[in-house]
Amino acid sequence: MKEPKREMDSSAFVILADYVPNVIQEIRYHSTYNFIGERIDGYEEPAALITLEAARALKSAGKELHVMGYQMKIFDAYRPARAVKHFVLWGLEDQDIRMKQYFYPDLEKEELFNAGYIAKQSSHSRGSTVDLTLLEMRTGREVDMGSPFDFFGEISHSDFRGITEEQYANRMLLRSVMMRNGFLPFPFEWWHFTLENEPFTETYFDFPVCASSLRK
């Protein structure tokens with residue numbers, strides 16, 4: 001297979017918060033609370049970077065959600081290729097299962113790759129994919145989606161019906177708004193959406209996640 005291009009040119013990217021007013025961010029891979037248990041390579045700041053096209057589409061989605069009484073909460077957006085490499089190397093380390101009980105209690109590490117939960121290449125590295133949930137503006141609480149972000153298992157599949165009707169309806173609300181605004185869902189993860197007309201389909205970027213990465 002041809003090696004994908006890994007570019008350091010960030011000129012097509014923006015800081016998401018500059019385009020989506022009042023967006024909430026909890027960039028998990030800048031923290032230790034993720035499926036590995038440590039800050040991930042390339043996440044130098046807890047910020048969401050994304051292509052301009054995807055930012056504009058998210059702004060539109062955010063306006064629609066605001067009318068409904070919701071805010072977007074972003075867990076991840078652009079992900080450097082070096083971060084994906086960090087995932088892969090972690091997968092080869094059999095002894096490191098410190099976060100298993102929280103994120104993959106019913107699976108072994110090697111199953112995460114075979115089942116498609118972790119890939120050697122990620123659409124996030126192309127710059128137009130986002131992981132998000134909803135906050136209820138009235139209470140400030142996350143909407144109950146039936147499983148937490150980055151929980152690896154069938155319960156996190158977008159169309160999983162072994163959850164309450166309310167939880168399923170919440171997933172479908174997020175899904176419908178995102179699709180109306182140009183994003184495609186990922187069947188294994190209710191939180192994961194990629195811009196259908198993403199500007200980069202074969203380029204995997206590798207500049208770090210920080211404001212200084214973006215060219216003026």
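Is N22 buried or exposed? In this predicted model, N22 is exposed, because its relative accessible area of 58% lies over the 50% cut-off. The residue is found in the loop between β2 (13-15) and β3 (24-25). Its backbone also deserves attention, for the phi angle of N22 is near 65°, a positive value in a residue other than glycine. Most residues other than glycine have a negative phi.

A positive phi also appears in the loop between β7 (141-142) and α5 (165-180), where D150 is found. The phi of D150 is near 65°, and D150 is likewise a residue other than glycine. D150 has a relative accessibility of 3% and therefore counts as buried, the cut-off being under 20%.

The loop that holds D150 contains further residues to consider. F151 lies in the loop between β7 and α5, and with a relative accessible area of 16% it is buried. Beyond its neighbours within four places in sequence, F151 is in contact with Y102, F103, P105, S156 and W191. One of these residues, P105, is 46 residues away from F151 along the chain, yet the C-alpha atoms of the two are separated by 8.9 Å.

S147 has its place in the loop between β7 and α5 as well. Its relative accessible area is 9%, so S147 is buried. Which side chains make polar contacts with the side chain of S147? The side chain of S156 is joined to that of S147 by a polar contact of 2.9 Å, and the side chain of W190 makes a polar contact with it at 3.0 Å. When residues up to four places away in sequence are not counted, S147 touches I155, S156, R171, W190 and W191. S156 and W191 thus appear among the contacts of S147 and also among those of F151.

From this loop the reader may turn to helix α5, in which Q167 is found. Q167 counts as buried, because its relative accessibility is 14%. Residues up to four places away in sequence aside, Q167 touches D144, M145 and G146. The C-alpha atoms of Q167 and M145 are separated by 4.8 Å, although the two residues stand 22 residues apart along the chain.

Helix α5 also packs against another helix. Two packed helices are described by the angle between their axes and the distance between the axes. For helix α1 (residues 52-68) and α5, the angle is about 135° and the axes are 9 Å apart. The two helices are therefore oblique to each other, and α1 passes α5 in a right-handed crossing. On the side of α1, the contact is made by L58, A61, E64, L65 and M68, while α5 contributes L173, V177, M178 and R180. Sorted by class, the contact of α1 with α5 has seven nonpolar residues, two charged residues and no polar ones.

A final site is R126, whose place is in the loop between α4 (109-114) and β6 (129-136). Why does R126 count as buried? Its relative accessible area is 13%, and buried means under 20%, so R126 is buried. Its contacts, leaving aside neighbours within four places in sequence, include F13 and T51. R126 is also in contact with E198, F200, T201, E202, T203, Y204 and F205.

Definitions and conventions. Residues numbered from 1 in each chain as written. Predicted model: local features only at pLDDT ≥ 70, side-chain atom pairs only at ≥ 80, totals over all residues. Heavy atoms only, no water. Helix = DSSP H or I, 4+ residues; strand = E, 2+ residues; numbered from the N terminus. Buried < 20%, exposed > 50% of the residue type's maximum accessible area, 1.4 Å probe, protein only. Contact = heavy atoms within 4.5 Å. Polar contact = N/O pair within 3.5 Å; in protein donor to acceptor, adjacent residues only side chain to side chain. Axes fitted to C-alpha atoms, helices over the stretch in contact; angles between N-to-C directions. Parallel < 35°, antiparallel > 145°, perpendicular 65-115°, else oblique. Left-handed = near helix turned anticlockwise from the far one by under 90°. Nonpolar A, V, L, I, M, F, W, Y, C, P; charged D, E, K, R; others polar.
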